[in-house]
Amino acid sequence: MAVWTSTDEVVARFVDRPDEESFAEVFRAMAPQLVVYFRARGCEAGVAEDLTQEVMLATFRKVGSLRDGNLFRPWLFRIAKNELLQHVRQQGRRPEVTALP
């Protein structure tokens, strides 16, 4: 497994050649930032972790649609924003659970 010295290098490799190894490197580099993003927007730790995994999975699936590798970070956080909005919408549709006496 290659060891990369900067996030930019990790991202460049992933965008150029998205495979399991480059994805794992991008995941290690970007997942903590995504967790912080979700936590800063009020998500509990477990929800933030789940959303991060969803975002990273979408990133792996959609990286071929990224036209400019220099825009990876804004593109990634746009996916994160969309995942968060979807999560909030789904939360609004769930019935309220109340404890029984």
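**Figure 1. R39, a partly exposed arginine with a relative accessible area of 42%.** This close-up, like the others here, comes from a predicted model. R39 has its place in helix α2, a helix that covers residues 20-40. Which residues does R39 contact once its neighbours within four places in sequence are left aside? They are E44, A45 and A48. E49 makes a handy extra landmark in this view: R39 and E49 are ten residues apart in sequence, and their C-alpha atoms sit 9.3 Å apart in space. With 42% relative accessible area, R39 falls between the 20% and 50% cut-offs, so "partly exposed" is the label that fits.

**Figure 2. V36, an exposed valine on helix α2.** V36 belongs to helix α2, just like R39 in the previous view. Is V36 buried or exposed? It is exposed, at a relative accessible area of 57%; exposed means over 50%, so V36 clears that bar. To find your way from here to another stretch of the chain, look for T52: the C-alpha atoms of V36 and T52 are separated by 9.7 Å, with their positions 16 residues apart along the chain.

**Figure 3. The whole fold, for orientation.** Stepping back for a moment, the protein has four helices and zero strands. Read from the N terminus, the order is simply α-α-α-α. How many of the 101 residues count as buried? The share is 33%. The accessible surface adds up to about 7,100 Å², and carbon and sulfur atoms account for 52% of that. As for who touches whom, take the contacts between residues at least 6 apart in sequence: 51% of these join residues at least 24 apart.

**Figure 4. The largest pocket, with a volume of about 190 Å³.** Helices α1 (7-16), α2 (20-40) and α4 are the elements that each give two or more residues to its lining. The residues to look for are T7, D8, V11, A12, M30, Q33, G69, N70, F72 and R73. Which helix puts in the largest share of the lining? That would be α1, with four residues. Sorted by class, the lining is a mix of four nonpolar, four polar and two charged residues.

**Figure 5. S6, in the segment before α1.** S6 is partly exposed, with a relative accessible area of 28%. That value lies between 20% and 50%, which means S6 counts as neither buried nor exposed. How far apart are the C-alpha atoms of S6 and A29? They are separated by 8.8 Å, although the two residues are 23 apart along the chain.

**Figure 6. Aromatic rings: F14 with F72.** The structure holds eight aromatic pairs. In the one shown here, the ring centres of F14 and F72 are 6.2 Å apart and the planes meet at 80°, so this pair is edge-to-face. It links distant parts of the chain, with F14 in helix α1 and F72 in helix α4, 58 residues apart. Both rings belong to a wider group: ring pairs link F14, F23, F27, F60, F72 and W75 into a cluster. F72 also turns up among the residues that line the largest pocket. Are F14 and F72 buried or exposed? F14 is buried at 0% relative accessible area, and F72 is buried too, at 2%.

**Figure 7. Aromatic rings: Y37 with F77.** Here the ring centres of Y37 and F77 are 5.4 Å apart and the planes are at 70°, so this pair is edge-to-face as well. Y37 lies in helix α2 and F77 in helix α4, so the pair ties together parts of the chain 40 residues apart in sequence. Y37 is buried, with a relative accessible area of 14%. F77 also counts as buried, at 16% relative accessibility.

**Figure 8. H87, a buried histidine in helix α4.** Follow helix α4, which spans residues 72-93, and you get to H87. Why does H87 count as buried? Its relative accessibility is 18%, and buried means under 20%, so H87 qualifies. Which residues does H87 touch, not counting those up to four places away in sequence? V47 and L51 are the ones to look for.

Notes. Residues are numbered from 1 along each chain as its sequence is written. This is a predicted model: local features need pLDDT of at least 70, side-chain atom pairs count only at pLDDT 80 or more; totals for chains, interfaces and linings use all residues. Side-chain values use heavy atoms; hydrogens and water are left out. Buried means under 20% relative accessible area, exposed over 50%, partly exposed in between (1.4 Å probe, protein chains only). Contact means heavy atoms within 4.5 Å. Accessible areas come from the Shrake-Rupley method with a 1.4 Å probe; for residues, only the protein chains shown count as cover. On a 1 Å grid over the protein atoms alone, a cavity is a set of points where a 1.4 Å probe fits but cannot get out, and a pocket is an open set with protein on both sides within 12 Å along at least five of seven lines; lining residues have an atom within 4 Å of a point. Grid points are joined across faces, edges and corners, and a volume is the space filled by probe spheres set on the points. Ala, Val, Leu, Ile, Met, Phe, Trp, Tyr, Cys and Pro count as nonpolar, Asp, Glu, Lys and Arg as charged, and the others, Gly among them, as polar. Rings of Phe, Tyr and Trp (its six-membered ring) pair if their centres lie within 6.5 Å; planes under 30 degrees apart count as stacked, over 60 as edge-to-face and the rest as tilted.
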